[in-house]
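Good morning, and thank you for joining this meeting. I should like to take you through one structure, with attention to one of its pockets.

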Amino acid sequence: MPAETPESVDAVVIGMGPGGESVATELARSGLAVVGVEGRLVGGECPYYACIPTKMMVRAATTLAEARRVGTLAGSARVQPDWSPVAQRIRDEATDNWDDTTAVERFESAGGTFVRGWGTITGPGAVRVDTADGPREFRAQRAIVLNPGTAPAVPPIEGLADTPYWTNRDAVTATEVPESIIVLGGGPVGTEFAQIFARFGAEVTMIVRSRLLPRAEPEAADTVTQVFAEEGISVRTGVETVRIDHDGSYFTLRLSSGDPVRARRLLVATGRHTDLGALGIGTIGLDEGARGIEVDERMRAAEGVWAIGDVTGHGAYTHMSMYQARIATADILGSPGSPASYHAVPNVTFTEPEVGSVGMTEAEAREAGITVWIGRADIPSTPRGWIHGAGNAGFIKLVADADRGILVGASSVGPAGGEVLGALTVAVHAQVPVTALRDMIYAYPTFHRAIETALADLG
């Protein structure tokens, strides 16, 4: 039987996470024949297993923490945690029971063609999609866009593969809180889940190779570690897990130092990965053994191929994927637009305190050879921090280039730390002179007024 003739289209988008969905939709609205390919759920990790449902969890856990502060601030209250409304809200409001029908219909109503399956580049301009009904072949005349996203990375620890461990996806779909849980990993995912489950009554132990939030300022890690200790979360840092066992009821982790730890559940939160080989990028001259796909300032990875999102290595954030999607879309359509710039990438970890950062850390700035000025303000010592009282841990830290007189980085840790970060992101992005920032009027008494205090300390 002769091979089936490939279907000719203008563009094929492999991976319909937030960025891929945005590119595919905008290209379709522009009149191009676009095929969107996704093997999981349209919308990607963010609406189903990450940003949206986990922040619903954070909101619920923070409400419990605030209620427990009533005795300090406002009288008395009895708090009884109940996970069922959290699980129901995630199922009904956030994920539609993990059904992407609405997202698929939204894309198709924009003029796109959706194919459920796994896309592989088979040569220049050629894509094969493996579907439940067999393979389909496409010829992309104008563009192939890669937005494969990531999956949980599971470390090769002896015994782990044979156990019923959780990843973030399992934790989000949980219908009850375990009586005890070990969190393996100290990044944003691990720290958020650790505090969520602890506030709902779980006994939580974190096993961390280095320190909490290793990409944040050390002071941020220290602050969160102290808060976790006060909330009864055990954090064991600087240790390796050498073996994991499961006896049918409990997990036991044997460590490089210290006593073993035991719990009902194990959450593996040790990073993310992408299978580049499955994308077939070797057929267009790209390295399938690399950590990611290198792109230029217009998101071009190869002739006729663009890549966006986690796989480009500029931050596994929904806002990064959407930012790059806008640039790639403009380039494909030949529209004017600014090239990518990554000097002011913001990120927030939604623990309490929230940990927000933008641009360089102090260490990164010094390693880059910058003459560094540091300014700091401790939130509890500021008027709003003093007013806030219980739950006021945090600080503002500014990292300035003394020679140019601008901020190159900043951290905002504390209540509403992610919101306060907005002003600092503008300052770093626009390279606003420190003199101009000092001349600003900061509303009193707000958390963001601590920026003024930190500026006065700069030097």
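Let me begin with a term. A pocket here is an open set of points on a 1 Å grid, with protein on both sides within 12 Å along at least five of seven lines. Please also keep in mind that the model before you is predicted.

First, the chain as a whole. Its secondary structure comes to 16 helices and 22 strands. The radius of gyration is 24 Å, close to the 23 Å that the globule rule gives for 459 residues, so the chain is as compact as a globular protein of that length. Taken along the principal axes, the C-alpha atoms fill a box of roughly 75 × 60 × 40 Å. Of the 459 residues, 49% count as buried.

Next, the domains. The domain assignment divides the chain into domain 1 (7-47 + 93-150 + 274-333), domain 2 (168-271) and domain 3 (346-457). Between the C-alpha centres of domain 1 and domain 3 there is a distance of 36 Å.

The UniProt record, an unreviewed entry, offers its own annotations. It lists residues 10-324 under "domain: FAD/NAD(P)-binding". That span is 32% helix and 26% strand, and its end C-alpha atoms lie 20 Å apart. The annotation "domain: Pyridine nucleotide-disulphide oxidoreductase dimerisation", also from an unreviewed UniProt entry, covers residues 345-454. Here the composition is 33% helix and 30% strand, with 21 Å between the end C-alpha atoms.

I turn now to the second largest pocket, which holds about 410 Å³ of space. Which residues lie nearest its centre? They are Tyr323, Arg326, Ile327, Ser341 and His429, out of 22 that line the pocket. By class, the lining has 11 nonpolar, eight polar and three charged residues.

Which helix gives the most to this lining? Helix 11 does, with seven residues. Helix 11 spans 318-333, and helix 14 spans 417-429; each supplies at least two residues of the lining.

Finally, where does the second largest pocket lie with respect to the domains? Domain 1 and domain 3 both give residues to the lining, so the pocket lies between them.

To close, I would draw your attention once more to the second largest pocket: about 410 Å³ of space, placed between domain 1 and domain 3, with helix 11 as the element that gives the most to its lining. Thank you.

Technical notes: Residues numbered from 1 in each chain as written. Predicted model: local features only at pLDDT ≥ 70, side-chain atom pairs only at ≥ 80, totals over all residues. Heavy atoms only, no water. 1 Å grid on protein atoms, 1.4 Å probe; cavity = no way out; pocket = protein on both sides within 12 Å on 5 of 7 lines; lining within 4 Å. Points joined across faces, edges and corners; volume = space filled by probe spheres on them. Helix = DSSP H or I, 4+ residues; strand = E, 2+ residues; numbered from the N terminus. Nonpolar A, V, L, I, M, F, W, Y, C, P; charged D, E, K, R; others polar. Domains from an automatic or database assignment. UniProt positions renumbered as here; feature names shortened; annotations may be inferred. Rg over C-alpha atoms; globule rule 2.2 N^0.38 Å. Buried < 20%, exposed > 50% of the residue type's maximum accessible area, 1.4 Å probe, protein only.
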